[in-house]
Amino acid sequence: PTVGEITGSAEVCENSTITLSSTPIGGAWTSSNTAVATITSAGVVTGKTAGTTTITYTVTNTKGCVQSKTKTIMVNALPNVSPITGPTPMAVCVDGTLQLNNATPGGVWTSSSAAATVNSSGVVTGKSTGTATIAYTVTNSTTGCSQSATVEVTIKGNPILTINNTSVNEGGILVFTVIRTGDACSPQNYSVKYQTIDGTATTAAPADYVATSGTLTFLPSESTKTISVQTNADDIVEGEEYLTLRLYEPENCVLSGGAANLDATGRINDITDGTIMVEKYKPTTPDITASASEPSTDGSFRIRFANPNVTCVKNVKVDYVLSGATLNTDYTVDTTVPNVTTSTATIPKGLNHIEVPIKVVNNFIVEGTRTLKINISNPVLMP
């Protein structure tokens, strides 16, 4: 029989295939060295190991006559590729990065999945949760044979940060706790910036607290961190005051709810003694035992905070009732004085006291000594 020349490539890489052909169809394919390459009945040659083998195509006709053609096939070795190295476990967060390395020069990095990309320097960037096979492929420029090293990288959802509200008595330390939930993306640290923001508590003199800002950094093994804010004690009646601690610009993590900023409230409890008392007071003679008398010696009551150093950030209105003498017959209240009426007196903000001037009425009546008493009640912070 007449047998055509064997056509097809004369070279194949290890672990790769080529297809040979000849005529007429129906012949038998054999390899002289199956350790180097094998061939199927369809002419598909598989390289096994570097070396050469002779491929034979044999045709036998109906009369038993045999004819063969041969072709030498060279199996080229694959290039050696070092293993891919990187952190253990191979994991990265969405939007995070992971550095992989390979000691063999000249290779190309590729990713099998849209869940992660990899650049020419081996930096893997997480895109969505899942897994991706990252390959580093080296190609022999002479033979065209390629060899790859691969690793599987897990892409995790970002850790989520939350922060608590907190409170403290003035002069103490507000401690805010930042908590990480979800998996940490080893080996990356994750961080968030923070700063205090004035509310009713301010850093303007006299400051209620010490302004604080910085960057909070978590190691992969850490799930809880704290931020401390020093508050200041004073002698000012203020009531509860509030400040805000804001988290922003998270890195390798996200803030709860996906927000750009996450706020927590710090409450400063006012422990200033706001006790209010009243005393007799004669303006021209600062003697609390001084008394008023007819015909023209006037007196005064002083309504004040018990602690002489205490003031208030707002006006404080105090109700009062006078008894023991008759208004307009024995005395009058000088309501031309600001913040004083016949039934209320208002301590101005920033001051410690208010005087209620008592004007004696000379009524020309023999009536003996009368004791004018004052009862104070219902102190109220004004808007």
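Which residues does Ile227 touch, not counting those up to four places away in sequence? In this predicted model, the list runs to Leu174, Val175, Phe176, Val178, Tyr194, Leu216, Leu245 and Leu247. Ile227 also turns up in the largest nonpolar core, a set of 23 residues. Together with Leu161, Ile163, Phe176, Val178, Leu243 and Leu247, Ile227 belongs to the group that touches the most other members of this core. Quite a few strands chip in: strand 15 (160–163), strand 17 (173–181), strand 18 (190–198), strand 19 (213–218), strand 20 (224–230), strand 22 (241–251) and strand 24 (261–269) each provide at least two core residues. As a general backdrop, nonpolar side chains in soluble globular proteins tend to be buried together.

Next comes an open sheet. Four strands make it up, in the order 8-14-13-10, and their pairing is mixed. The edges are taken by strand 8 (91–93) and strand 10 (108–111); each has a single partner strand, so one side of each is left without a neighbour in the sheet. On average, neighbouring strands here are turned by 30° against each other, direction ignored. At one of those edges, strand 10 runs antiparallel to strand 13 (residues 130–139), and four bridges join the two. Val108 takes part in this pairing, with Thr137 of strand 13 as its bridge partner.

Strands 10 and 13 are also linked through their aromatic side chains. The count of aromatic pairs comes to three. In one of these, the ring centres of Trp109 and Tyr136 lie 4.7 Å apart with the planes at 55°, so the pair is tilted. Since Trp109 sits in strand 10 and Tyr136 in strand 13, the pair ties together parts that are 27 residues apart in sequence. Trp109 and Tyr136 are both buried.

Another pair, Tyr190 and Phe218, has a different look: the centres are 5.0 Å apart and the planes stand at 5°, so this pair is stacked. Tyr190 comes from strand 18 and Phe218 from strand 19, so parts 28 residues apart in sequence are tied together. Strands 18 and 19 are also among the strands that supply at least two residues each to the largest nonpolar core. Neither ring residue shows much surface: Tyr190 counts as buried at 1% relative accessibility, and Phe218 counts as buried at 0%.

That leaves the cysteines. Searching the whole structure turns up one disulfide, which joins Cys13 to Cys145 with an S to S distance of 1.9 Å. The angle about the S-S bond is -95°, and the link is left-handed. The disulfide connects distant parts of the chain, with Cys13 in strand 1 (residues 11–13) and Cys145 in the loop between strand 13 and strand 14 (146–156), 132 residues apart. Both Cys13 and Cys145 are buried. Cys253, on the other hand, is in no disulfide; the nearest cysteine sulfur belongs to Cys93 and is 8.5 Å away, whereas a disulfide calls for sulfur atoms within 2.5 Å. Cys253 is nonetheless buried, with a relative accessible area of 6%. Cys312 counts as buried as well, at 3% relative accessibility.

Note on methods. Residues numbered from 1 in each chain as written. Predicted model: local features only at pLDDT ≥ 70, side-chain atom pairs only at ≥ 80, totals over all residues. Heavy atoms only, no water. Core = buried A, V, L, I, M, F, W, Y, C linked by side-chain atoms within 4.5 Å. Buried < 20%, exposed > 50% of the residue type's maximum accessible area, 1.4 Å probe, protein only. Contact = heavy atoms within 4.5 Å. Pairing = 2+ DSSP bridges. Axes fitted to C-alpha atoms, helices over the stretch in contact; angles between N-to-C directions. Phe/Tyr/Trp six-rings, centres within 6.5 Å; stacked < 30°, edge-to-face > 60°.
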